[in-house]
Amino acid sequence: MQTSLPNQSIALSNAGIKWLKIAIVYLIVGVAMGIVMGAKEDFTLRPVHAHINLIGWTTMALAGLIYSVFPQAGESRLAKTHFWLTNLSLPVMMFALAVLMFGHKEIVPVLVVSEIVAAASIVAFAANIFMNLRRQ
Ligand code: HEM
């Protein structure tokens, strides 16, 4: 049996494409780290691998898909705040976490600040979803 889809064009947002392209870069880095960890049997950077995959790939790709389906949310001011807070905090957070995993506790203040900024980006994301997600 054939089902017919409504003849409706969806205006995909540029924001969605941007998020998805950055997310796939994190997936490549995260998977490469997983392969190296496994090959060397050295799991020191396991939490970095997990967060690169789960925030960098999964969470960012989901944001990209949501902003593609709901372009008015993808182009909002909150979406821009979400984008910049995430993309500035995550690389610093991953670097600081890696340094900490190698035993350098003096990096903790950098890690804490980057984590607070990353959490703020999630707050912007949540606010954007609540305020700007609506039917086309
Ligand atoms: C080819 C792809 C991947 C490889 C080779 C890989 C490899 C690994 C390895 C070797 C570990 C450590 C296991 C251990 O300590 O016993 C690990 C842990 C983990 N990986 Fe991956 N991984 C891959 C993809 C992913 C993806 C796509 C995600 C998430 C979206 C992910 C999330 C995690 C998590 C959450 C942990 C556990 C971290 C922890 O317990 O602290 N991995 N992975």
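What follows walks through the fold, the ligand site, the aromatic contacts and a few individual residues of this predicted model.

Starting with the overall layout, the protein is built from five helices and zero strands. Read from the N terminus on, that gives a plain α-α-α-α-α order of elements. Along the principal axes, the C-alpha atoms fill a box of roughly 55 × 40 × 20 Å. As for burial, 34% of the 136 residues of the protein count as buried.

Next comes the ligand. The shell around the ligand consists of Val-31, Gly-34, Ile-35, Met-37, Phe-43, Arg-46, His-49, Ala-50, Asn-53, Leu-54 and Thr-58. Sorted by character, these shell residues come out as six nonpolar, four polar and one charged. Three side chains in the shell put an N or O atom within polar reach of the ligand. Arg-46 has a side-chain N or O atom 2.6 Å from an oxygen atom of the ligand. For His-49, the distance between a side-chain N or O atom and a nitrogen atom of the ligand is 2.8 Å. Asn-53 likewise has a side-chain N or O atom facing a ligand nitrogen, here at 3.3 Å. In terms of secondary structure, the elements that supply two or more residues to the shell are helix H1 (14-40) and helix H2 (46-69). Of these, H2 gives the most, with six residues.

The ligand also carries an iron atom, and its only protein donor is NE2 of His-49, at 2.0 Å. His-49 sits in helix H2, the helix that gives the most to the shell. His-49 therefore turns up in two roles in the geometry, as the iron donor at 2.0 Å and as a side chain with an N or O atom 2.8 Å from a ligand nitrogen.Turning to the aromatic side chains, a search of the whole structure finds four aromatic pairs. In one of them, the ring centres of Trp-19 and Phe-83 are 5.4 Å apart and the ring planes meet at 85°, so the pair is edge-to-face. Trp-19 belongs to helix H1 and Phe-83 to helix H4 (residues 77-101), so this pair ties together parts that are 64 residues apart in sequence. Trp-19 counts as buried, at 2% relative accessibility, and Phe-83 counts as buried too, at 9%. Phe-83 also pairs with Trp-84: here the centres are 5.2 Å apart and the planes stand at 90°, so this pair is edge-to-face as well. Unlike buried Phe-83, Trp-84 counts as exposed, with a relative accessibility of 52%. Taken together, ring pairs link Trp-19, Tyr-67, Phe-83, Trp-84 and Phe-125 into a cluster. Phe-83 has a charged neighbour besides: Lys-18 lies over the face of the Phe-83 ring, 4.7 Å from the ring centre.

A few residues elsewhere deserve a mention. What sign does the phi of Glu-41 have? The angle is positive, at about 50°, although Glu-41 is not a glycine. For background, most residues other than glycine have a negative phi. Glu-41 is found in the loop between H1 and H2. With a relative accessibility of 66%, over the 50% cut-off, Glu-41 counts as exposed.

Helix H2 also holds Ser-68, which is buried, with a relative accessible area of 9%. The side chain of Ser-68 reaches back to the backbone oxygen of Gly-64, at a distance of 2.8 Å.

At the other end of the chain order, helix H5 (residues 108-132) contains Met-131. Is Met-131 buried or exposed? Its relative accessible area is 55%, so Met-131 is exposed. Measured against Ala-61 from C-alpha to C-alpha, Met-131 is 20 Å away in space and 70 residues away in sequence. Asn-132 is in helix H5 too, but Asn-132 counts as buried, at 15% relative accessibility. The side chain of Asn-132 is joined to that of Asn-128 by a polar contact of 2.7 Å.

Conventions
Residues are numbered from 1 along each chain as its sequence is written. This is a predicted model: local features need pLDDT of at least 70, side-chain atom pairs count only at pLDDT 80 or more; totals for chains, interfaces and linings use all residues. Side-chain values use heavy atoms; hydrogens and water are left out. A residue is near a molecule or strand if one of its heavy atoms lies within 4 Å of it. A polar contact is a pair of N or O atoms within 3.5 Å; within protein, one must be able to donate a hydrogen and the other to accept it, and residues adjacent in sequence count only if both atoms are side-chain atoms. Helices (H or I, at least four residues) and strands (E, at least two) are DSSP runs, numbered from the N terminus. Ala, Val, Leu, Ile, Met, Phe, Trp, Tyr, Cys and Pro count as nonpolar, Asp, Glu, Lys and Arg as charged, and the others, Gly among them, as polar. Donors are N, O and S atoms within 2.8 Å of the metal (3.2 Å for Na, K and Ca); water is not among the atoms, so sites may look incomplete. Rings of Phe, Tyr and Trp (its six-membered ring) pair if their centres lie within 6.5 Å; planes under 30 degrees apart count as stacked, over 60 as edge-to-face and the rest as tilted. Buried means under 20% relative accessible area, exposed over 50%, partly exposed in between (1.4 Å probe, protein chains only). A charge sits over a ring if NZ of Lys or CZ of Arg is within 6 Å of the ring centre and within 35 degrees of the ring normal.
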